[in-house]
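Please open the model in a viewer and keep the sequence panel visible. The tour below proceeds by selection, one stop at a time.

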Amino acid sequence: METDQLIRTLAADNAHRARPVKFVLALALLAAAPVSVAMFFAALGVRPDVMTAMRNPFFDLKFAVTLALAISAIAVSLHLSRPEASLRGWAWLLLVPAGLLVAGIAGEMMLVQRLPMMTRLVGSNSRTCMTAIPLLSLPLLAAALIGLRHGAPARPAVAGAVAGLLSAGLAATLYASHCTDDSPLFVATWYTTATALVTAIGALAGSRVLRF
């Protein structure tokens, strides 16, 4: 190979750079979101009293918690996509939604309630919650894993678990607009349980899909 041709080949290889993980992750999630949204409207839909519910701060709190989880998990997952990364210094981000929930529960306890605590905790949609959030999460989880495959996570199971948190947070945001149980106690119990299930699925899938 002539010197000039070698230089051109090396320059072409250098010009072709892999797309950043954050770009691929965003693209994959944007592609998967319409699937989850279509599933949501086909099976559930927005609660009929949503305009009235928006006046209830505990209804709004559900979205604050789920979006905080999704945003925190996105930041942590992008960090973990690098081979030298660890959770040290980043895990606290995942405590933000838990802190919001604790504050919400404390606020609810300070108010006079018409329903007993156990009734508010059990609610009337626990079974739907436990089914809907994991199912709505699946397209988003697949997208998150595809995006993170463009990185090189040193701990694929942990990265997969955070991808599960990410997808569950987004799916729970969708589901929250359908759920008529607005008590923080219900969210802390059933949303958390459903999220834990998706996180376990993400860890299992990540341990295989994200291994390099």
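Begin by selecting Ala38, which is placed in helix H2; helices here are DSSP runs of H or I with at least four residues, strands are runs of E with at least two, and both are numbered from the N terminus. Ala38 counts as partly exposed because its relative accessibility is 46%. On this scale, buried means under 20% relative accessible area, exposed means over 50%, and partly exposed lies in between, with a 1.4 Å probe and protein chains only. Next, add Ala172 to the selection: the C-alpha atoms of Ala38 and Ala172 are 15 Å apart, although 134 residues separate the two along the chain.

A note on the model is in order. The structure is predicted, so local features need pLDDT of at least 70 and side-chain atom pairs count only at pLDDT 80 or more, while totals for chains, interfaces and linings use all residues. Residues are numbered from 1 along each chain as its sequence is written, and side-chain values use heavy atoms, with hydrogens and water left out.

Now display the whole protein chain as a cartoon. The protein chain has nine helices and zero strands. The C-alpha trace spans about 85 × 40 × 30 Å along its principal axes. Of the 212 residues, 42% are buried.

For the interior, select Leu29, Ile133, Tyr175 and Tyr191. These residues have the most contacts inside the largest nonpolar core, which has 42 residues. H2, helix H4 (57-80), H7, helix H8 (156-176) and H9 each supply at least two residues of this core, and H8 gives the most, with 11 residues. Such a core is a set of buried Ala, Val, Leu, Ile, Met, Phe, Trp, Tyr and Cys residues joined through side-chain atoms within 4.5 Å.

Which residues does Leu29 touch? Leaving aside residues up to four places away in sequence, Leu29 touches Leu140, Ala143, Ala144, Leu166 and Leu170; a contact means heavy atoms within 4.5 Å.

Finally, turn to the surface and select Val35, Met39, Leu135, Leu138, Leu197 and Ile201, which make a nonpolar patch of about 460 Å². Patch residues have over 30% relative accessible area and no salt bridge; like charges are joined within 9 Å and nonpolar side chains (Val, Leu, Ile, Met, Phe, Trp, Tyr) within 5 Å. A salt bridge is a side-chain nitrogen of Lys or Arg within 4 Å of a carboxyl oxygen of Asp or Glu. Helix H2 (21-43), helix H7 (126-148) and helix H9 (184-209) each supply at least two residues of the patch. Close on Ile201, in helix H9: at 36% relative accessibility, Ile201 counts as partly exposed.

Definitions and conventions:
Areas by Shrake-Rupley, 256 points an atom, 1.4 Å probe, with all protein chains shown as cover.
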